[in-house]
Amino acid sequence: MRFPFALTKKIASHIIKHKLCKTPKFAMVQLEPLHTCNLTCTGCGRIREYSTSLKDMVPLEKCLGAALECDAPMVSICGGEPLIYPRIEELINGLLDQGRVIYVCTNGMFMRKKMKDYLAAIYSPEIEPKLKKLLDDKLISDKEAEAIRAADGAAKKKAVIRPTQWMYWNVHVDGLEFTHDLIVEREGVFKECVAAIRMAKILGYQVATNTTVYKETEVQEIEDMFKFLSSLEVDGHTISPGYDYDAAKKDMVKRLGKDPKAFFLTRDMTRQKFAKIEDWGKAFTIFGTVVYQEFLAGKRELTCTAWAIPTYNIRGWKGPCYLMTDGHYNSYQELLEKVQWDKYGVVNGKARDPRCEHCMVHCGYDPSGALGTNYQSGDNWKNIKHNFWPRPAAYPYSPDLEKRAFNGVSIGKGHLAEAKAAINSPAAGARGAFSQKEEAHVGSHCGTNEADEPK
Ligand code: SF4
Ligand code: SF4
(Lines give C-alpha, C1' and ligand atoms only; values in the text may rest on other atoms or scores of the structure.)
(Ligands and ions follow the chains in the order given, each with its own letter.)
Protein backbone atom coordinates (compact mmCIF):
# COMPACT_ATOMS: atom_id res chain seq x y z
CA MET A 1 0.00 0.00 0.00
CA ARG A 2 1.07 3.55 -0.72
CA PHE A 3 0.33 4.73 2.83
CA PRO A 4 0.10 2.80 6.13
CA PHE A 5 -3.30 1.07 6.24
CA ALA A 6 -4.21 2.40 9.70
CA LEU A 7 -3.61 5.93 8.55
CA THR A 8 -5.59 5.59 5.31
CA LYS A 9 -8.42 3.97 7.27
CA LYS A 10 -8.52 6.80 9.80
CA ILE A 11 -8.77 9.53 7.17
CA ALA A 12 -11.20 7.60 4.93
CA SER A 13 -13.50 6.89 7.91
CA HIS A 14 -13.48 10.58 8.86
CA ILE A 15 -14.56 11.59 5.36
CA ILE A 16 -17.17 8.82 5.08
CA LYS A 17 -18.60 9.66 8.55
CA HIS A 18 -19.09 13.31 7.60
CA LYS A 19 -20.45 12.45 4.16
CA LEU A 20 -23.04 10.12 5.75
CA CYS A 21 -23.96 12.80 8.31
CA LYS A 22 -24.10 15.32 5.44
CA THR A 23 -21.79 17.67 7.38
CA PRO A 24 -21.36 20.57 4.95
CA LYS A 25 -17.82 21.50 6.00
CA PHE A 26 -15.17 19.67 8.02
CA ALA A 27 -11.41 19.79 8.35
CA MET A 28 -7.81 18.60 8.43
CA VAL A 29 -5.96 21.19 10.53
CA GLN A 30 -2.82 23.26 10.21
CA LEU A 31 -1.60 24.33 13.60
CA GLU A 32 0.88 27.18 13.92
CA PRO A 33 1.89 27.31 17.57
CA LEU A 34 4.44 30.04 16.78
CA HIS A 35 5.75 32.07 13.87
CA THR A 36 9.36 32.36 15.03
CA CYS A 37 11.79 30.76 12.65
CA ASN A 38 15.54 30.33 12.46
CA LEU A 39 15.46 30.88 8.68
CA THR A 40 14.22 33.67 6.42
CA CYS A 41 13.19 31.84 3.26
CA THR A 42 12.46 33.82 0.14
CA GLY A 43 8.75 33.51 -0.55
CA CYS A 44 7.71 32.77 3.05
CA GLY A 45 4.89 35.12 3.89
CA ARG A 46 4.38 33.62 7.34
CA ILE A 47 7.37 35.20 9.11
CA ARG A 48 6.57 38.47 7.36
CA GLU A 49 2.81 38.63 7.88
CA TYR A 50 3.19 38.05 11.61
CA SER A 51 6.50 39.89 11.96
CA THR A 52 5.22 41.97 14.88
CA SER A 53 4.25 38.94 16.96
CA LEU A 54 7.12 36.55 16.27
CA LYS A 55 7.85 36.08 19.94
CA ASP A 56 4.29 35.09 20.81
CA MET A 57 3.30 31.46 21.08
CA VAL A 58 0.01 29.62 21.42
CA PRO A 59 -0.12 27.94 24.85
CA LEU A 60 -0.03 24.15 24.69
CA GLU A 61 -3.52 23.78 26.15
CA LYS A 62 -4.97 26.11 23.50
CA CYS A 63 -3.29 24.12 20.70
CA LEU A 64 -4.72 20.88 22.03
CA GLY A 65 -8.12 22.52 22.58
CA ALA A 66 -8.18 23.81 18.98
CA ALA A 67 -7.43 20.32 17.64
CA LEU A 68 -10.21 18.86 19.80
CA GLU A 69 -12.74 21.46 18.72
CA CYS A 70 -12.00 21.01 15.04
CA ASP A 71 -11.66 17.24 15.39
CA ALA A 72 -9.56 16.82 12.25
CA PRO A 73 -7.99 13.38 11.86
CA MET A 74 -4.74 14.92 10.67
CA VAL A 75 -2.81 17.86 12.10
CA SER A 76 0.13 19.56 10.40
CA ILE A 77 2.23 21.38 12.96
CA CYS A 78 3.77 24.26 11.05
CA GLY A 79 5.13 27.65 12.04
CA GLY A 80 7.59 29.34 11.92
CA GLU A 81 9.74 26.44 12.88
CA PRO A 82 7.74 24.13 15.15
CA LEU A 83 10.83 22.55 16.71
CA ILE A 84 11.56 25.93 18.34
CA TYR A 85 8.23 25.68 20.21
CA PRO A 86 9.36 24.94 23.80
CA ARG A 87 6.66 22.31 24.42
CA ILE A 88 6.75 20.65 21.02
CA GLU A 89 7.20 17.14 22.48
CA GLU A 90 4.16 17.58 24.71
CA LEU A 91 2.19 19.01 21.80
CA ILE A 92 2.99 16.06 19.53
CA ASN A 93 2.33 13.53 22.29
CA GLY A 94 -0.92 15.30 23.25
CA LEU A 95 -2.17 15.19 19.67
CA LEU A 96 -1.15 11.54 19.36
CA ASP A 97 -3.12 10.83 22.56
CA GLN A 98 -6.12 12.43 20.84
CA GLY A 99 -5.68 9.83 18.07
CA ARG A 100 -4.53 12.21 15.34
CA VAL A 101 -2.03 11.74 12.51
CA ILE A 102 0.72 14.32 12.89
CA TYR A 103 2.91 16.01 10.31
CA VAL A 104 5.73 18.03 11.85
CA CYS A 105 6.53 20.54 9.10
CA THR A 106 10.12 21.46 9.76
CA ASN A 107 13.05 23.08 7.98
CA GLY A 108 15.13 20.16 9.31
CA MET A 109 17.71 22.21 11.22
CA PHE A 110 16.79 20.90 14.70
CA MET A 111 15.63 17.40 13.82
CA ARG A 112 18.90 15.71 14.71
CA LYS A 113 18.92 17.42 18.10
CA LYS A 114 15.42 16.15 18.83
CA MET A 115 16.36 12.62 17.72
CA LYS A 116 19.44 12.68 19.97
CA ASP A 117 17.14 13.59 22.87
CA TYR A 118 15.05 10.55 21.94
CA LEU A 119 18.12 8.29 21.87
CA ALA A 120 19.23 9.58 25.28
CA ALA A 121 15.78 8.90 26.72
CA ILE A 122 15.69 5.30 25.48
CA TYR A 123 19.37 4.44 25.76
CA SER A 124 20.27 0.87 26.68
CA PRO A 125 23.13 -1.29 25.32
CA GLU A 126 20.60 -2.79 22.90
CA ILE A 127 20.62 0.35 20.79
CA GLU A 128 24.42 0.24 20.32
CA PRO A 129 24.11 -1.14 16.74
CA LYS A 130 22.01 1.92 15.84
CA LEU A 131 24.53 4.25 17.45
CA LYS A 132 27.30 2.52 15.52
CA LYS A 133 25.43 2.98 12.25
CA LEU A 134 24.86 6.67 13.04
CA LEU A 135 28.55 7.06 13.88
CA ASP A 136 29.68 5.21 10.75
CA ASP A 137 27.45 7.44 8.62
CA LYS A 138 28.76 10.54 10.43
CA LEU A 139 25.26 11.51 11.55
CA ILE A 140 26.35 11.92 15.16
CA SER A 141 29.81 12.61 16.60
CA ASP A 142 31.72 10.45 19.12
CA LYS A 143 31.05 13.14 21.73
CA GLU A 144 27.31 13.03 21.02
CA ALA A 145 27.27 9.24 21.21
CA GLU A 146 29.00 9.46 24.60
CA ALA A 147 26.44 11.99 25.82
CA ILE A 148 23.63 9.67 24.72
CA ARG A 149 25.22 6.74 26.62
CA ALA A 150 25.75 8.88 29.71
CA ALA A 151 22.18 10.24 29.79
CA ASP A 152 21.04 10.87 33.35
CA GLY A 153 17.65 10.44 34.99
CA ALA A 154 16.40 13.84 33.82
CA ALA A 155 17.21 13.01 30.17
CA LYS A 156 15.45 9.66 30.57
CA LYS A 157 12.32 11.33 31.93
CA LYS A 158 12.22 14.11 29.34
CA ALA A 159 9.28 14.09 26.92
CA VAL A 160 10.70 13.15 23.51
CA ILE A 161 9.53 12.68 19.94
CA ARG A 162 9.39 8.94 19.30
CA PRO A 163 8.98 7.14 15.98
CA THR A 164 5.42 6.00 15.37
CA GLN A 165 3.32 5.17 12.34
CA TRP A 166 1.07 8.10 13.32
CA MET A 167 3.73 10.77 12.90
CA TYR A 168 5.76 12.07 9.96
CA TRP A 169 8.65 14.46 9.97
CA ASN A 170 7.66 16.65 7.02
CA VAL A 171 10.91 18.24 5.86
CA HIS A 172 10.93 21.37 3.75
CA VAL A 173 13.05 20.71 0.62
CA ASP A 174 12.58 23.10 -2.29
CA GLY A 175 15.13 21.61 -4.67
CA LEU A 176 18.65 20.25 -4.77
CA GLU A 177 21.46 21.86 -2.80
CA PHE A 178 22.01 24.95 -4.95
CA THR A 179 18.34 25.86 -5.26
CA HIS A 180 17.31 24.92 -1.74
CA ASP A 181 20.05 26.93 -0.03
CA LEU A 182 19.26 29.80 -2.34
CA ILE A 183 15.59 29.78 -1.40
CA VAL A 184 16.16 29.38 2.33
CA GLU A 185 18.86 32.04 2.11
CA ARG A 186 21.39 30.06 4.11
CA GLU A 187 24.29 27.79 3.19
CA GLY A 188 24.32 24.24 4.53
CA VAL A 189 20.58 23.81 5.08
CA PHE A 190 20.15 21.19 2.34
CA LYS A 191 23.08 19.21 3.77
CA GLU A 192 21.53 19.28 7.24
CA CYS A 193 18.11 18.24 5.88
CA VAL A 194 19.65 15.23 4.15
CA ALA A 195 21.58 14.24 7.31
CA ALA A 196 18.39 14.56 9.37
CA ILE A 197 16.39 12.46 6.88
CA ARG A 198 19.08 9.74 6.92
CA MET A 199 19.17 9.69 10.72
CA ALA A 200 15.38 9.58 10.95
CA LYS A 201 15.17 6.60 8.59
CA ILE A 202 17.82 4.69 10.57
CA LEU A 203 15.82 5.27 13.75
CA GLY A 204 12.52 4.13 12.21
CA TYR A 205 10.71 7.46 11.85
CA GLN A 206 8.40 8.14 8.93
CA VAL A 207 9.66 10.98 6.80
CA ALA A 208 7.86 13.05 4.21
CA THR A 209 9.11 16.09 2.34
CA ASN A 210 7.27 19.19 1.20
CA THR A 211 8.31 21.20 -1.81
CA THR A 212 7.12 24.50 -3.17
CA VAL A 213 7.79 24.99 -6.86
CA TYR A 214 8.70 28.51 -7.97
CA LYS A 215 9.03 30.00 -11.42
CA GLU A 216 12.77 29.46 -11.49
CA THR A 217 12.54 25.80 -10.40
CA GLU A 218 13.45 23.56 -13.32
CA VAL A 219 11.22 20.54 -13.98
CA GLN A 220 14.30 18.33 -14.43
CA GLU A 221 15.51 19.38 -10.99
CA ILE A 222 12.21 18.40 -9.39
CA GLU A 223 12.57 14.93 -10.91
CA ASP A 224 16.19 14.65 -9.75
CA MET A 225 15.13 15.78 -6.29
CA PHE A 226 12.39 13.11 -6.11
CA LYS A 227 14.87 10.44 -7.28
CA PHE A 228 17.38 11.46 -4.64
CA LEU A 229 14.81 11.69 -1.83
CA SER A 230 13.30 8.37 -2.89
CA SER A 231 16.78 6.79 -2.78
CA LEU A 232 16.95 7.95 0.87
CA GLU A 233 13.71 5.96 1.41
CA VAL A 234 11.61 9.01 2.17
CA ASP A 235 8.01 7.83 2.70
CA GLY A 236 6.20 10.47 0.64
CA HIS A 237 6.22 13.94 -0.82
CA THR A 238 3.89 16.93 -0.86
CA ILE A 239 4.39 19.33 -3.74
CA SER A 240 2.61 22.62 -4.31
CA PRO A 241 3.01 25.64 -6.59
CA GLY A 242 4.53 28.82 -5.13
CA TYR A 243 1.83 31.43 -5.21
CA ASP A 244 2.21 35.20 -4.81
CA TYR A 245 -0.01 35.77 -1.80
CA ASP A 246 -0.02 39.23 -0.30
CA ALA A 247 2.54 38.95 2.50
CA ALA A 248 5.11 37.12 0.40
CA LYS A 249 4.58 39.49 -2.52
CA LYS A 250 5.10 42.60 -0.39
CA ASP A 251 8.27 41.13 1.14
CA MET A 252 9.64 40.36 -2.30
CA VAL A 253 9.27 43.98 -3.37
CA LYS A 254 10.34 45.66 -0.14
CA ARG A 255 13.11 43.43 1.24
CA LEU A 256 14.50 41.87 -1.91
CA GLY A 257 13.72 44.60 -4.44
CA LYS A 258 12.40 41.93 -6.84
CA ASP A 259 9.35 41.75 -9.03
CA PRO A 260 7.09 38.99 -7.61
CA LYS A 261 6.24 38.01 -11.20
CA ALA A 262 9.83 36.80 -11.59
CA PHE A 263 9.44 34.36 -8.72
CA PHE A 264 5.86 33.14 -8.28
CA LEU A 265 3.79 31.05 -10.68
CA THR A 266 0.68 32.10 -12.55
CA ARG A 267 -1.97 29.44 -13.24
CA ASP A 268 -0.64 28.84 -16.74
CA MET A 269 2.92 28.50 -15.50
CA THR A 270 1.79 26.11 -12.77
CA ARG A 271 0.16 23.90 -15.38
CA GLN A 272 3.35 23.88 -17.42
CA LYS A 273 5.55 23.03 -14.44
CA PHE A 274 3.17 20.32 -13.24
CA ALA A 275 2.42 18.82 -16.66
CA LYS A 276 4.21 15.60 -15.62
CA ILE A 277 2.84 15.34 -12.09
CA GLU A 278 0.80 12.21 -12.86
CA ASP A 279 3.97 10.47 -14.06
CA TRP A 280 5.75 11.62 -10.89
CA GLY A 281 2.81 10.23 -8.91
CA LYS A 282 3.38 6.81 -10.49
CA ALA A 283 7.15 6.82 -9.97
CA PHE A 284 7.25 8.39 -6.49
CA THR A 285 5.02 8.42 -3.43
CA ILE A 286 3.38 11.80 -3.97
CA PHE A 287 0.86 12.64 -1.25
CA GLY A 288 -2.49 14.09 -2.22
CA THR A 289 -5.21 12.89 -4.51
CA VAL A 290 -4.99 12.01 -8.19
CA VAL A 291 -7.79 14.51 -8.76
CA TYR A 292 -5.61 17.32 -7.37
CA GLN A 293 -2.76 16.14 -9.59
CA GLU A 294 -5.06 16.34 -12.64
CA PHE A 295 -6.00 19.86 -11.57
CA LEU A 296 -2.35 20.91 -11.31
CA ALA A 297 -1.66 19.42 -14.73
CA GLY A 298 -4.47 21.56 -16.19
CA LYS A 299 -6.76 18.63 -17.01
CA ARG A 300 -9.72 19.83 -14.92
CA GLU A 301 -11.01 22.62 -12.71
CA LEU A 302 -11.58 22.38 -8.97
CA THR A 303 -13.32 24.70 -6.53
CA CYS A 304 -11.33 25.85 -3.51
CA THR A 305 -12.21 24.17 -0.22
CA ALA A 306 -9.96 26.25 2.06
CA TRP A 307 -12.24 25.54 5.03
CA ALA A 308 -11.03 21.92 4.93
CA ILE A 309 -7.43 22.82 5.88
CA PRO A 310 -7.92 25.71 8.31
CA THR A 311 -5.04 27.34 10.17
CA TYR A 312 -5.04 28.00 13.90
CA ASN A 313 -2.41 30.42 15.19
CA ILE A 314 -1.66 32.98 17.90
CA ARG A 315 -4.56 35.15 16.74
CA GLY A 316 -7.13 32.37 16.36
CA TRP A 317 -8.64 30.61 13.35
CA LYS A 318 -7.36 32.40 10.27
CA GLY A 319 -9.76 33.09 7.41
CA PRO A 320 -10.27 32.51 4.63
CA CYS A 321 -7.13 30.37 4.25
CA TYR A 322 -3.52 29.67 5.05
CA LEU A 323 -2.40 32.25 2.50
CA MET A 324 -4.85 35.14 2.86
CA THR A 325 -5.97 36.84 6.02
CA ASP A 326 -9.22 38.75 6.11
CA GLY A 327 -9.93 37.91 9.75
CA HIS A 328 -9.22 35.71 12.76
CA TYR A 329 -11.99 33.85 14.62
CA ASN A 330 -12.30 32.42 18.10
CA SER A 331 -13.49 28.97 17.07
CA TYR A 332 -13.49 26.76 13.98
CA GLN A 333 -17.27 26.89 14.05
CA GLU A 334 -17.18 30.69 13.99
CA LEU A 335 -14.72 30.59 11.07
CA LEU A 336 -17.10 28.30 9.17
CA GLU A 337 -20.10 30.51 9.90
CA LYS A 338 -18.61 33.97 9.44
CA VAL A 339 -16.38 33.63 6.39
CA GLN A 340 -18.31 34.20 3.17
CA TRP A 341 -16.82 31.22 1.39
CA ASP A 342 -18.59 31.90 -1.88
CA LYS A 343 -16.50 35.06 -2.29
CA TYR A 344 -13.25 33.14 -2.64
CA GLY A 345 -11.60 30.72 -5.05
CA VAL A 346 -11.76 30.34 -8.79
CA VAL A 347 -14.88 28.88 -10.36
CA ASN A 348 -14.81 27.73 -13.98
CA GLY A 349 -11.65 29.73 -14.55
CA LYS A 350 -13.06 32.97 -13.06
CA ALA A 351 -11.56 34.35 -9.84
CA ARG A 352 -14.23 35.32 -7.32
CA ASP A 353 -11.56 37.32 -5.49
CA PRO A 354 -8.70 38.77 -7.56
CA ARG A 355 -6.21 37.56 -4.94
CA CYS A 356 -7.24 33.97 -5.71
CA GLU A 357 -6.60 34.27 -9.44
CA HIS A 358 -3.38 32.28 -9.66
CA CYS A 359 -3.78 30.11 -6.59
CA MET A 360 -3.67 26.32 -7.03
CA VAL A 361 -2.06 25.50 -3.67
CA HIS A 362 -2.64 22.16 -1.97
CA CYS A 363 -4.23 23.67 1.17
CA GLY A 364 -6.99 25.16 -1.00
CA TYR A 365 -7.49 22.48 -3.61
CA ASP A 366 -6.10 19.12 -2.49
CA PRO A 367 -9.03 18.53 -0.11
CA SER A 368 -11.41 19.27 -3.00
CA GLY A 369 -10.07 16.12 -4.66
CA ALA A 370 -10.59 14.01 -1.55
CA LEU A 371 -14.02 15.43 -0.73
CA GLY A 372 -15.49 14.92 -4.20
CA THR A 373 -16.11 18.60 -4.95
CA ASN A 374 -16.44 18.86 -8.76
CA TYR A 375 -16.91 15.06 -8.79
CA GLN A 376 -16.45 13.32 -12.12
CA SER A 377 -17.34 9.73 -12.79
CA GLY A 378 -14.44 7.44 -11.87
CA ASP A 379 -12.85 9.81 -9.35
CA ASN A 380 -13.50 7.54 -6.36
CA TRP A 381 -11.89 4.60 -8.12
CA LYS A 382 -8.86 6.72 -9.05
CA ASN A 383 -8.40 7.84 -5.45
CA ILE A 384 -8.87 4.32 -4.06
CA LYS A 385 -6.42 2.88 -6.58
CA HIS A 386 -3.88 5.59 -5.76
CA ASN A 387 -4.06 4.86 -2.03
CA PHE A 388 -4.33 1.08 -2.03
CA TRP A 389 -1.96 0.20 -4.88
CA PRO A 390 1.57 -0.83 -3.89
CA ARG A 391 3.89 2.01 -3.11
CA PRO A 392 6.45 2.82 -5.84
CA ALA A 393 9.82 1.17 -5.14
CA ALA A 394 12.59 3.36 -3.76
CA TYR A 395 14.78 4.80 -6.51
CA PRO A 396 18.14 3.00 -6.46
CA TYR A 397 20.80 4.97 -4.61
CA SER A 398 24.02 5.76 -6.44
CA PRO A 399 27.00 8.00 -5.64
CA ASP A 400 26.32 9.76 -8.94
CA LEU A 401 22.79 10.64 -7.81
CA GLU A 402 24.21 12.00 -4.54
CA LYS A 403 26.76 14.04 -6.46
CA ARG A 404 24.00 15.54 -8.59
CA ALA A 405 22.00 16.37 -5.44
CA PHE A 406 24.94 18.17 -3.82
CA ASN A 407 25.40 20.47 -6.76
CA GLY A 408 27.07 23.36 -4.95
CA VAL A 409 26.13 25.90 -2.36
CA SER A 410 24.61 28.98 -3.81
CA ILE A 411 24.41 31.48 -1.05
CA GLY A 412 25.84 34.78 -2.11
CA LYS A 413 25.36 33.91 -5.76
CA GLY A 414 21.60 34.06 -6.02
CA HIS A 415 18.64 35.93 -4.61
CA LEU A 416 20.48 37.26 -1.61
CA ALA A 417 23.42 38.68 -3.56
CA GLU A 418 21.06 40.15 -6.12
CA ALA A 419 18.83 41.34 -3.32
CA LYS A 420 21.60 43.10 -1.45
CA ALA A 421 22.72 44.83 -4.62
CA ALA A 422 19.15 45.81 -5.38
CA ILE A 423 18.53 46.99 -1.83
CA ASN A 424 21.57 49.25 -1.92
CA SER A 425 20.83 50.62 -5.37
CA PRO A 426 19.77 54.28 -5.69
CA ALA A 427 16.51 53.12 -7.30
CA ALA A 428 15.66 50.92 -4.31
CA GLY A 429 16.56 53.76 -1.95
CA ALA A 430 14.14 56.03 -3.76
CA ARG A 431 11.46 53.33 -3.47
CA GLY A 432 12.00 53.15 0.28
CA ALA A 433 13.60 49.66 0.38
CA PHE A 434 15.72 48.82 3.42
CA SER A 435 19.45 49.45 3.35
CA GLN A 436 21.73 46.40 3.59
CA LYS A 437 22.37 47.22 7.24
CA GLU A 438 18.68 47.44 7.94
CA GLU A 439 18.07 44.26 5.92
CA ALA A 440 20.36 42.38 8.28
CA HIS A 441 18.09 43.58 11.04
CA VAL A 442 15.00 42.39 9.17
CA GLY A 443 16.66 38.99 8.81
CA SER A 444 17.21 38.70 12.51
CA HIS A 445 13.75 39.98 13.28
CA CYS A 446 11.77 37.73 10.94
CA GLY A 447 13.58 34.46 11.09
CA THR A 448 15.20 34.95 14.44
CA ASN A 449 18.67 33.55 13.71
CA GLU A 450 18.98 34.11 17.47
CA ALA A 451 16.91 30.98 18.09
CA ASP A 452 19.46 28.67 16.52
CA GLU A 453 19.01 26.06 19.23
CA PRO A 454 15.59 25.08 20.53
CA LYS A 455 15.47 25.03 24.29
S1 SF4 B 1 11.58 27.51 7.32
FE2 SF4 B 1 11.35 29.10 5.78
S3 SF4 B 1 9.29 28.75 4.95
FE4 SF4 B 1 9.38 27.69 6.91
S5 SF4 B 1 8.61 29.20 8.38
FE6 SF4 B 1 10.84 29.37 8.35
S7 SF4 B 1 11.22 31.04 6.91
FE8 SF4 B 1 9.14 30.33 6.55
S1 SF4 C 1 -8.18 30.10 -3.88
FE2 SF4 C 1 -8.67 29.42 -1.79
S3 SF4 C 1 -6.71 28.80 -0.88
FE4 SF4 C 1 -6.25 30.02 -2.69
S5 SF4 C 1 -5.99 32.12 -1.94
FE6 SF4 C 1 -8.14 31.90 -2.57
S7 SF4 C 1 -9.23 31.30 -0.70
FE8 SF4 C 1 -7.05 30.95 -0.34
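Where does M1 lie relative to α1 (5–20)? M1 lies in the segment before that helix. This is a predicted model.

**Surface patch**

M1 is partly exposed, because its relative accessibility is 36%. M1 also helps to make a nonpolar surface patch of about 650 Å². The other members of the patch are F5, W381, I384, F388 and W389. Helix α18 (residues 379–388) gives the largest share of the patch, three residues.

**Ligand shell**

Which residues surround ligand 1? The shell is made of C37, L39, C41, C44, I47, G80, N107 and H172. Five of the shell residues are nonpolar and three are polar. None is charged.

G80 links this shell to a backbone feature. The peptide bond from G79 to G80 is cis, with omega near 15 degrees. G80 sits in the loop between β2 (74–77) and α4 (88–97).

**Backbone geometry**

Most peptide bonds are trans, and most residues other than glycine have a negative phi. Another cis bond joins G319 and P320, with omega about 5 degrees. P320 belongs to strand β8 (residues 316–320).

D71 has a positive phi, near 60 degrees, and is not a glycine. Its place is the loop between α3 (60–70) and β2. D71 counts as partly exposed because its relative accessibility is 36%.

K138 is not a glycine either, and its phi is positive at about 60 degrees. K138 lies in the loop between α6 (128–136) and α7 (142–149). With a relative accessible area of 70%, K138 is exposed. The cut-off for exposed is over 50%.

**Salt bridges**

Side chains of opposite charge can pair when their charged atoms come close. How many salt bridges does the count come to? The count comes to 30 salt bridges. The table lists three of them, including the N to O distance for each.

| Pair | N to O distance |
|---|---|
| K114 and E89 | 2.9 Å |
| E301 and R267 | 3.4 Å |
| E294 and R300 | 2.8 Å |

K114 and E89 meet in a salt bridge at 2.9 Å. This pair links distant parts of the chain, 25 residues apart. K114 is in helix α5, and E89 is in helix α4. Both K114 and E89 are buried.

E301 and R267 form a salt bridge, with the closest N and O atoms 3.4 Å apart. This pair also links distant parts of the chain, 34 residues apart. E301 is in the loop between α15 (290–296) and β7 (311–313), while R267 is in helix α13 (residues 267–273).

Is E301 buried or partly exposed? E301 is partly exposed, because its relative accessible area is 28%. R267 has 8% relative accessibility, so R267 counts as buried. The two residues also take part in a network of salt bridges, which links R267, D268, R271 and E301.

E294 and R300 meet at 2.8 Å. Why do these two residues count as buried? E294 counts as buried because its relative accessibility is 10%. R300 counts as buried because its relative accessibility is 5%. The cut-off for buried is under 20%.

**A side chain to backbone contact**

Helix α5 (residues 111–122) also holds R112. What does the side chain of R112 reach? The R112 side chain reaches the backbone oxygen of L139 at 2.6 Å. R112 is buried because its relative accessible area is 19%.

Notes. Residues numbered from 1 in each chain as written. Chains lettered and ligands numbered in written order. Predicted model: local features only at pLDDT ≥ 70, side-chain atom pairs only at ≥ 80, totals over all residues. Heavy atoms only, no water. Near = heavy atom within 4 Å. Nonpolar A, V, L, I, M, F, W, Y, C, P; charged D, E, K, R; others polar. Patch = residues over 30% accessible without salt bridge, like charges linked within 9 Å, V, L, I, M, F, W, Y side chains within 5 Å. Areas by Shrake-Rupley, 256 points an atom, 1.4 Å probe, with all protein chains shown as cover. Salt bridge = Lys/Arg side-chain N within 4 Å of Asp/Glu carboxyl O. Helix = DSSP H or I, 4+ residues; strand = E, 2+ residues; numbered from the N terminus. Buried < 20%, exposed > 50% of the residue type's maximum accessible area, 1.4 Å probe, protein only. Polar contact = N/O pair within 3.5 Å; in protein donor to acceptor, adjacent residues only side chain to side chain.
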